[in-house]
Amino acid sequence: MMRPPTDTLDALRRLLSAIREGNGFYAPILQAAGLGGDIDSLDDYFRACPFTTKAQIAADHAAHPPFGSNLTYPLEQYTRYCQTSGTTGQPMRWLDTPESWQAMLDCWAKVFLAAGCSHGERTFFAFSFGPFLGFWTAFEAATQLGQLAIPGGGMSSAARLRCIFDTAATTLCCTPTYALHLGQALADSPLDAAASPVRRIIVAGEPGGSLPATRQRIEALWPNASVFDHHGLTEVGPVTFQDKPGQLRVITEAYLHEVIDPQTQARTEPGGMGELVLTTLSRVACPLLRYRTGDLVRTHPADPALLPGGILGRIDDMVTIRGVNVYPGAIDQLVREHAGVAEYRVTHRCGRAMTELSIEIEPDTRSDGGALAHAVANGIRDALQLRVGVRAVEAGTLPRFEFKAKRWHTEAPS
């Protein structure tokens, strides 16, 4: 269960005391900044502590293989290993002590409870359980809450559906992309979607769970279930849970968060949009201070812990097409408004004089591909004032994804 909330400044003081004493990466940084356990205020911390970037952590891992120097305790105290997925660079290895691992389980308990999960329920994890953090912490947190945790690694979609129905699993944990794919597989199977035991689908791993069109599509395929969004990072752990549809709440017991302008690094005004920055208050064994996540979020005008719209995209994912700034999340929302799209792929061509987007859509078995492609193109043109070429492809042409979808491809100039 989640530990009782603690005062943020006291938690920060304990963190700084621990890592200034023994953390090889942060100790010299804190000494140079004059920061320690006697810090007077959060404002002092924000003024004196520099940001941490993924590039700095990657460089530290390269200089101190195989685990880097961002370890607060002797190596023999660490019992858990995971690594980043490597979506935006080389995978980075992360170690946890039993205490720092439990801190992440406490955060996942908050996610489960917010979604309405209770003791005795059955939760199915449609996930391969690789070396990245993924749903490992979710699986263990479910067992601590008294749920029957059902692993779905190494199964085909058909086998997973049969297991969900046979075990009467009430909760499904997966990525938004896989919830769509598994839902489409359910629609094409002999199983009756109206008889599905699944009452809630907790999604993570990529934006989508807070996008209205994606949520609506998932819930249409799973008629008895509601979607609950969540997000986290291997580097920091589970960060948010769904406060209400389309809105995430930061777990402030475990994270000190900021939202900054990615260019000026100034704090954004309430209601503004910017990059999410996190300090891990409870994952002391492998901490991050003022870590620039690269996640694009919008702040709430009145409650700083709320993120309306969830994770809007990645700062480095934005492309500019004929003067229009386009984020993958905006394209996903516009494509998912058309229920007949089973899957899609975007090609970003970087020409010498002009950049272009084109989209391939794979219609489901009940839709006319040509008409669907025309409707998608018109929807993008009306919403973004941007003409994008859209064409339909044959069923089974586009890849399916179990973890993070890779729908965007960039072609360099020829």
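**Backbone geometry, helix packing and strand pairing in a predicted model**

At a relative accessibility of 17%, Phe-129 falls under the 20% limit and therefore counts as buried. This residue lies in the loop between β3 and α6. The phi angle of Phe-129 is positive, at about 55°, although the residue is not a glycine. Most residues other than glycine have a negative phi, and most peptide bonds are trans. A second positive phi in a residue other than glycine is found at Ala-168, with a value near 55°. Ala-168 is placed in the loop between α7 (157–167) and β5. Its relative accessibility is 32%, so Ala-168 counts as partly exposed, the partly exposed class being bounded by 20% and 50%. A further backbone feature is the peptide bond from Pro-65 to Pro-66, which is cis, with omega near 0°. Pro-66 belongs to the loop between α4 (54–63) and β1 (80–83).

The structure is a predicted model, and its confidence varies along the chain. The average pLDDT of the protein is 90, and 94% of the residues reach a score of at least 70. Confidence is highest in strand β3 (residues 122–125), with a mean of 98, and lowest in strand β15 (residues 319–321), with a mean of 74. Over residues 1–6 the pLDDT stays under 50. For this segment, the model has 15 contacts beyond four places in sequence.

Helix α1 comprises 15 residues (residues 8–22). A rise of 1.5 Å a residue leads to an expected span of 21 Å, and the end C-alpha atoms are 22 Å apart, which agrees. At the N-terminal end, the helix is capped by Asp-7, of which a side-chain oxygen lies 3.1 Å from the backbone nitrogen of Leu-9. Leu-9 is itself one of the buried residues of α1. The others are Ala-11, Leu-12, Leu-15, Leu-16, Ala-18 and Ile-19. The packing partners of these buried residues comprise two helices, α2 (27–33) and α3 (42–48), and two strands, β10 (255–260) and β11 (273–280).

The strands β10 and β11 also take part in an open sheet. Four strands form this sheet in the order β10-β11-β12-β14, with antiparallel pairing. Its edges are β10 and β14 (313–314), each of which pairs on one side only. Between β10 and β11, the antiparallel pairing extends over 6 bridges. In this pair, Ile-260 stands opposite Glu-275 of β11.

Parallel pairing is found around β3. Strand β3 pairs with strand β4 (residues 148–151) in the parallel sense over 4 bridges, and Thr-123 stands opposite Ala-149 in β4. The connection from β3 to β4 passes through helix α6 (residues 136–144), and this β-α-β crossover is right-handed. Strand β3 is also joined to strand β5 (residues 171–174), again in the parallel sense, by 3 bridges. Here the bridge partner of Phe-124 is Leu-172 in β5. The two residues with positive phi can be placed relative to these strands: Phe-129 lies in the loop between β3 and α6, and Ala-168 in the loop between α7 and β5.

Definitions and conventions. Residues are numbered from 1 along each chain as its sequence is written. This is a predicted model: local features need pLDDT of at least 70, side-chain atom pairs count only at pLDDT 80 or more; totals for chains, interfaces and linings use all residues. Side-chain values use heavy atoms; hydrogens and water are left out. The expected span of a helix is 1.5 Å times one less than its number of residues. Buried means under 20% relative accessible area, exposed over 50%, partly exposed in between (1.4 Å probe, protein chains only). Contact means heavy atoms within 4.5 Å. A polar contact is a pair of N or O atoms within 3.5 Å; within protein, one must be able to donate a hydrogen and the other to accept it, and residues adjacent in sequence count only if both atoms are side-chain atoms. pLDDT is the predictor's confidence in each residue, from 0 to 100. Two strands pair if DSSP finds at least two bridges between them. A crossover is right-handed if, with the strands pointing away from the viewer, the path from the first strand over the helix to the second runs clockwise.
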